[in-house]
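Biologist: I would like a close look at a single part of this model, one helix and its surroundings. Please take it slowly and keep the parts connected.

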Amino acid sequence: MPIRPAVPTPQTRGGAFTRRTLLAGAAAGAAVLPLAACSSPIAAGIAGAPLNPETLVFWNLFGGGDGVRMQTMEDGYAKQHGGSSALQATTFAWGNPYYSKVTLATVGNKPPDVAIAHLTRAKPLWDGDLLDPITEDDLASVGLSASDFNQKAWTAQKTDGKNICIPLDTHPFVLFYNVDVCQKAGLIDADGKLKDLNGLENFEAAMAAVAKVTGGTALNVANVVPETATPWRFFWTMYNQIEGATPFISDGGAKLTVNEDAYGKVTEMTQKWVQNGWLNKALDYATAQSLMFDGKAGFFMQGEWEISTAQSIKGLKFGMVPIPQLFDKPATQADSHTFILPKKDRTPEQRKAHMLFIKQMLEQSLTWAEGGHVPAYMPTFDSQQYKDLTPQSNYASAAESAVFDDAAWYGGSGSTFEGIVGAQLALVQQGSSSPAQALSAIKGQLATYLNTPSPL
């Protein structure tokens, strides 16, 4: 479950001083701190403590069920390479704290060998000259090629004509549904599957039918402070289904380019749904999903990772499908977890070893898919084992309509941008702010970031 990031104060450039200079000094200062024992990745990565040169250092940000599955995959790699001494893996706090640590370590010339980054957060790292590009020769050295990956994610990661990361998955916003509630509402077909809900009128009719069954809301979308990610994901999904939708921000985060007509269409629809009693007015993350699990709502929109929570509810019959196409084209907000190579000196042998780690983790993508994420590695995606994995494979097509957040140094998953814009969109859903008031607040609060060059 996402943790909300604190909003940092941006530093403007002045002369030769930048945040990168500050971080380099901080990294040097960290070398004298009494960090953990020499075997600690923090000590080895920041303070320069000795580390077995044969040990691969890997950083990630996975907690909960994702963390358990990632550890299983790490163990699988270690077994292929002689045991636990082959890999030193460390998990850090999700969001801005994690990316600050990756940045600090890389600027201090002591990064991990391989790290995880959201695709939307890899781009600012690349812009800050903190990543090594991944060449076609790198891929070929371990038997990989561009065709091995979901092309939506693969194309999205390309920046300045370079491969900046290797996608592990696509994690889209999806529609969960309570089978019993939807059955009573007449929305389950003869094969036991959810009927086609595409089209705005069709979906609204379905919500009206579900609301009659529940006596309350039909759809839950978490939206109270500090939950800002979900309102953003909901908006970005619907917005990008509208023909003519433009980037919300562009030019690396220097320009606000949102299509205000499309913005108004989505936010006015949101308030209409609340006023009709179909969509919740104010619910936190946990309550929004628990009410659907308890049959007090029929639908719940959230990232597919909540499959683990749903599976833990005894007696719950649920399903998952892509977000219905309500407007002109299919689209769903998504991001990808990716592998990155933080910038560092690598011998050809080390570079191949680091690529081999990525390849052997990708080969365990079925384990990763059990947690809900759609595999970006096509040999797994196309496998019969994945097709037989349900309900995970039922929404796999969402990876083809994925829309990633706009590139910006303050943007991406768990970012300052998401916090600012998501908070205002939440107020629209709560009825505390009109769409126009929310957009005005968004413009005012983003102004500083729009006018500040990347600090890296």
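Modeller: A residue counts as buried when its relative accessible area is under 20%, and as exposed when that area is over 50%, with partly exposed in between. The model is predicted. By that cut-off helix α4 is mostly covered, since nine of its 12 residues are buried. The buried residues of α4 are Asn96, Tyr98, Tyr99, Val102, Thr103, Leu104, Ala105, Thr106 and Val107. An α-helix has 3.6 residues a turn, so residues three or four places apart point the same way.

The length of α4 can be checked. At 1.5 Å a residue, its 12 residues should span 16 Å, and the C-alpha atoms at its ends are 16 Å apart, so the two agree.

Next, the sheet on which the helix lies. α4, residues 96–107, packs on the sheet and touches β1 and β3 (114–118). The direction of α4 makes about 145° with that of β1. The sheet is open and has five strands, in the order β2-β1-β3-β14-β6, with mixed pairing. Its edge strands are β2 (87–91) and β6 (166–167), each of which pairs on one side only. Strand β1, residues 56–60, runs parallel to β2 and is joined to β2 by five bridges. Within the sheet, valine 57 stands opposite glutamine 88 of β2. A further helix, α3 (residues 64–80), lies across β1 and β2 and runs at about 170° to β1.

After the helix comes the backbone that leads away from it. α4 is followed by asparagine 109, which has a positive phi. That phi is near 65°, in a residue other than glycine. Most residues other than glycine have a negative phi, and most peptide bonds are trans. Asparagine 109 lies in the loop between α4 and β3, and β3 is one of the strands that α4 touches. Asparagine 109 is exposed, because its relative accessible area is 62% and the cut-off for exposed is over 50%.

Aspartate 129 also has a positive phi, of about 60°, although it is not a glycine. Its place is the loop between α5 (119–127) and α6 (136–141). Aspartate 129 is partly exposed, with a relative accessible area of 43%.

The backbone has cis peptide bonds elsewhere. One of them runs from valine 225 to proline 226, with omega near 10°; proline 226 lies in the loop between β8 (219–220) and α10 (229–239). Another runs from threonine 390 to proline 391, with omega near 5°. Proline 391 sits in the loop between α17 (384–387) and β16 (402–403).

For a covered strand to set beside the helix, take β7, residues 169–178: 10 of its 10 residues are buried. β7 pairs with β11 (residues 299–303) in the antiparallel sense over five bridges, and valine 174 stands opposite glutamine 302 there. Five bridges also join β7 to β12 (residues 318–322), again antiparallel, with valine 321 as the bridge partner of leucine 175. Two bridges join β7 to β13 (residues 332–335) in the antiparallel sense, where proline 172 stands opposite alanine 334. β15 (residues 374–375) runs antiparallel to β7 and is joined to β7 by two bridges; in β15, valine 374 is the bridge partner of threonine 170.

Technical notes: Residues are numbered from 1 along each chain as its sequence is written. This is a predicted model: local features need pLDDT of at least 70, side-chain atom pairs count only at pLDDT 80 or more; totals for chains, interfaces and linings use all residues. Side-chain values use heavy atoms; hydrogens and water are left out. Two strands pair if DSSP finds at least two bridges between them. Helices (H or I, at least four residues) and strands (E, at least two) are DSSP runs, numbered from the N terminus. Contact means heavy atoms within 4.5 Å. Axes are lines fitted to C-alpha atoms, for helices over the stretch in contact, and angles run from 0 to 180 degrees between N-to-C directions. The expected span of a helix is 1.5 Å times one less than its number of residues. Buried means under 20% relative accessible area, exposed over 50%, partly exposed in between (1.4 Å probe, protein chains only).
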